[in-house]
Structures are given as structure tokens and as C-alpha cells.
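Okay, thanks everyone. I'll put the structure up and then walk through a sheet and the helices around it.

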Amino acid sequence: MKNIKLTIAFAAAVLTLAGCNLFSSKKADSAAQQTVSDPLVSVTTVHRQSVEQKKVYTSTVQANVINNIAPQSVGRILQINTEVGEFVTKGQVLAVMDANTLIQAKLKMKNDSTELTRLKALHEAGALSQSDYDNVKLAYEVSKRNYDNLLENTVLKSPIDGVITARNYDKGDMYSMSMPLFTVQQIVPVKLYIGVSESEYTKVKPGQKVTLTVEAFPGTTFDGEVIRLYPIIDASTHTFKVEIRVANRYKTLRPGMFAKVTLTFGTNNSIVVPDNAIVKQAGTGDRFVYVYNPADSTVDFRKVVLGVQKGTEVEILEGLSDGEQVVTAGQIRLKDEIKVRLNEE
């Protein structure tokens with residue numbers, strides 16, 4: 001009887017130990033399964049770097065000067081000496097109008113000049129009063145101004161070096177004063193205007209260098225400089241106008257071309273992160289990163305303020321500290337304060 005009791009006790013002890021081992025095994029398996037199910041992420045350590053503060057603005061190339069060439073009054077066009085697309089120099093004759101009125105004015109000016117010369121001798125000899133001499137002199141000056149004005153409006157010359165961008169009449173047409181005969185645009189140099197944020201007002205100075213590109217010449221960069229800053233801020237956009245001049249010595253840039261202008265404001269010592277670490281929150285313009293905490297293997301969902309783009313990296317103005325680790329891959333399964341596993345590859 002005693003042996004039977006011992007046997008039963010021993011069997012009970014074995015069963016109890018087996019149950020404990022089974023429970024411990026299940027608990028370990030559950031913990032291991034939970035660890036394996038934690039999201040797998042890649043992280044990188046971020047540091048401060050010198051970041052050049054560049055901003056890109058869109059603009060349109062414009063002629064430095066635009067002149068519309070036309071006579072002062074209606075008249076017949078006798079000659080057309082140039083065509084659209086031709087480059088002209090300052091003082092070059094572009095067209096000649098009917099000269100009848102000019103000829104009459106020239107004859108009157110010559111008569112007045114002859115009369116002035118004759119009466120000048122009499123005045124010097126004391127045979128002509130000062131008032132009579134002054135009247136004759138004034139008549140000559142008026143006729144000369146009239147002749148010079150008619151000459152300028154009969155023989156039409158280019159006031160600038162430029163290119164003919166419009167011709168609205170043909171030889172023999174009657175100029176009707178509805179449109180100019182020609183439009184001449186100076187394209188050496190050219191100018192552009194950009195709208196810069198008022199927060200950058202103290203950072204832009206005349207003489208500051210810029211670079212620009214145009215779609216017509218991919219891969220080519222043109223150098224320019226800031227010529228002037230307009231003195232008022234647009235209340236609706238909170239920007240101010242900046243005028244930029246490009247030498248355009250080879251006449252490559254043409255008015256109307258779409259351009260991207262890069263303006264540099266100096267450098268910042270800022271945190272820089274890979275752009276694939278940035279997470280955009282749906283429905284907002286806010287940007288976030290997941291910051292890895294090595295102490296407990298969790299991540300924080302942290303809002304950041306972006307600066308300039310630097311290749312495949314982005315400047316962070318607010319939200320991160322030097323030496324922190326950010327998640328660069330595996331964000332799709334993450335949420336705030338979740339445990340993660342690091343990808344060791």
C-alpha cells in the first residue's frame with residue numbers, strides 16, 4: 001500500500017513539472033513570435049552640415065529695352081529697309097516716309113538762315129534794332145526745330161542696338177497711327193523679374209550673383225546679377241520684386257523664354273536627412289520623420305520643418321537634434337511609440 005502511494009505521488013510530481021515546462025515553452029514561443037512580428041526598419045544617424053541656402057524661382061526672359069518705331073503723323077511709307085529677325089544697330093535707317101513736308105521745311109529753314117545772316121551784319125553795324133534781330137533769330141530757330149523734328153519722323157532710325165521683332169506695314173502703305181511700323185528689342189543684355197519672400201528682404205543685394213536655366217537649352221547655365229530691388233512689398237503675396245540682368249553676349253536668350261532662376265542667400269549649419277526619411281501626413285502639408293530610440297527599440301513620430309533640398313537630402317530647420325537616428329525604410333507599418341527591429345544588413 002505504501003509503494004502505491006509513493007508511485008502516485010511521483011506521477012503527480014512528474015505531471016506538475018511537465019505542465020510547468022509546457023507553460024514556460026508556450027510563453028517563450030509567444031514572446032519570440034511577438035518579437036518576430038515587430039516591423040523591420042532601416043535607420044541612419046543624422047548630423048549637422050553646411051547647407052547652401054539656394055532657392056529657385058520661375059520667371060520669363062524679357063528684353064532690356066523695347067522701342068516702338070513710328071512717325072509722328074500720318075504719311076506714305078516710301079522705303080522699308082529691314083525685316084523681322086534682323087539685328088540692327090543704333091542709328092540705322094529702318095524706313096523712310098514721304099518727304100514732301102520735309103522738303104518744304106528744309107527750304108524754309110534755309111531762307112530763315114539766309115535772312116538771319118543778312119540781318120546779323122546790319123545789327124552789328126547798328127542799322128537794326130535788337131528786338132527786330134531777336135525776332136528773326138527766333139524764326140530761324142523755330143524753323144530749324146521743325147525741320148529736325150520732321151527729319152526724325154521721315155527718316156526713321158533705330159534708337160538702340162537690337163533685333164526687329166515686329167513689322168506691321170509694307171512699302172507703299174499709308175501709315176495710319178494704329179500700330180508702330182517696327183518694334184525693336186534690345187536683347188544684349190536681357191532682364192528677368194522674380195518675386196522673393198519678404199523674409200529674405202535683407203538677404204538680397206544689388207550686384208548679387210544668380211544663375212538661371214531655360215528649357216530651350218537643357219544643361220546650360222547662364223550667369224546674371226541682381227540689378228535692383230523694388231522698394232515695396234506686395235500685400236497679397238508678401239513678396240517683393242527683384243530685377244535681374246543677364247549679359248547674353250551671344251544672344252542665346254530670347255524674350256519670352258521660360259527660366260528658372262537660382263538665388264543663393266549664404267549657408268546654414270543644419271541637420272540634414274535623406275529625403276526617403278520624410279513622411280507626409282495625408283490631408284495636411286505637415287512633414288514628419290520616425291525617430292528611433294535605441295534604449296527601448298521604439299520610434300517616435302515627430303513633426304519637422306523642412307529647409308532646402310540638397311540632392312537626395314533635405315535640410316531640417318526644426319524637429320531634430322544632432323546624432324539622432326531616423327527611419328529611412330519600413331515606415332509603412334509604423335506608428336508612434338511602436339517597437340521595431342533593426343535591419344542589420
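Before the sheet, a quick word on terms: I'm calling two strands paired if DSSP finds at least two bridges between them. And keep in mind that this is a predicted model.

So, the overall picture. The protein chain has 3 helices and 20 strands. Of its 345 residues, 31% are buried. If you take the contacts with a separation of 6 or more, 72% of them are between residues 24 or more positions apart.

Now the sheet. It's an open one with 4 strands, ordered E7-E6-E4-E9, and the pairing is antiparallel. Which strands stand at the edges? Those are E7, residues 155-157, and E9, residues 174-175; each has a single partner strand, so one side of each has no neighbour in the sheet. Helix H3, which covers residues 130-154, packs on this sheet and touches strands E6 (93-97) and E7. The direction of H3 makes about 70 degrees with that of E7.

Over on the E9 side, strand E4 takes in residues 75-80, and 2 bridges join E4 to E9, with the two running antiparallel. One pair to look for here: glycine 75 has tyrosine 175 in E9 as its bridge partner.

Back to the helices. H3 also packs with H2, residues 100-124, at an angle of about 155 degrees, and their axes are 8 Å apart. Anything over 145 counts as roughly antiparallel, and therefore that's what H2 and H3 are to each other. The crossing of H2 and H3 is left-handed. What's in that contact? The residues split into 12 nonpolar, 7 polar and 7 charged.

Technical notes
Residues numbered from 1 in each chain as written. Predicted model: local features only at pLDDT ≥ 70, side-chain atom pairs only at ≥ 80, totals over all residues. Heavy atoms only, no water. Contact = heavy atoms within 4.5 Å. Axes fitted to C-alpha atoms, helices over the stretch in contact; angles between N-to-C directions. Parallel < 35°, antiparallel > 145°, perpendicular 65-115°, else oblique. Left-handed = near helix turned anticlockwise from the far one by under 90°. Nonpolar A, V, L, I, M, F, W, Y, C, P; charged D, E, K, R; others polar. Buried < 20%, exposed > 50% of the residue type's maximum accessible area, 1.4 Å probe, protein only.
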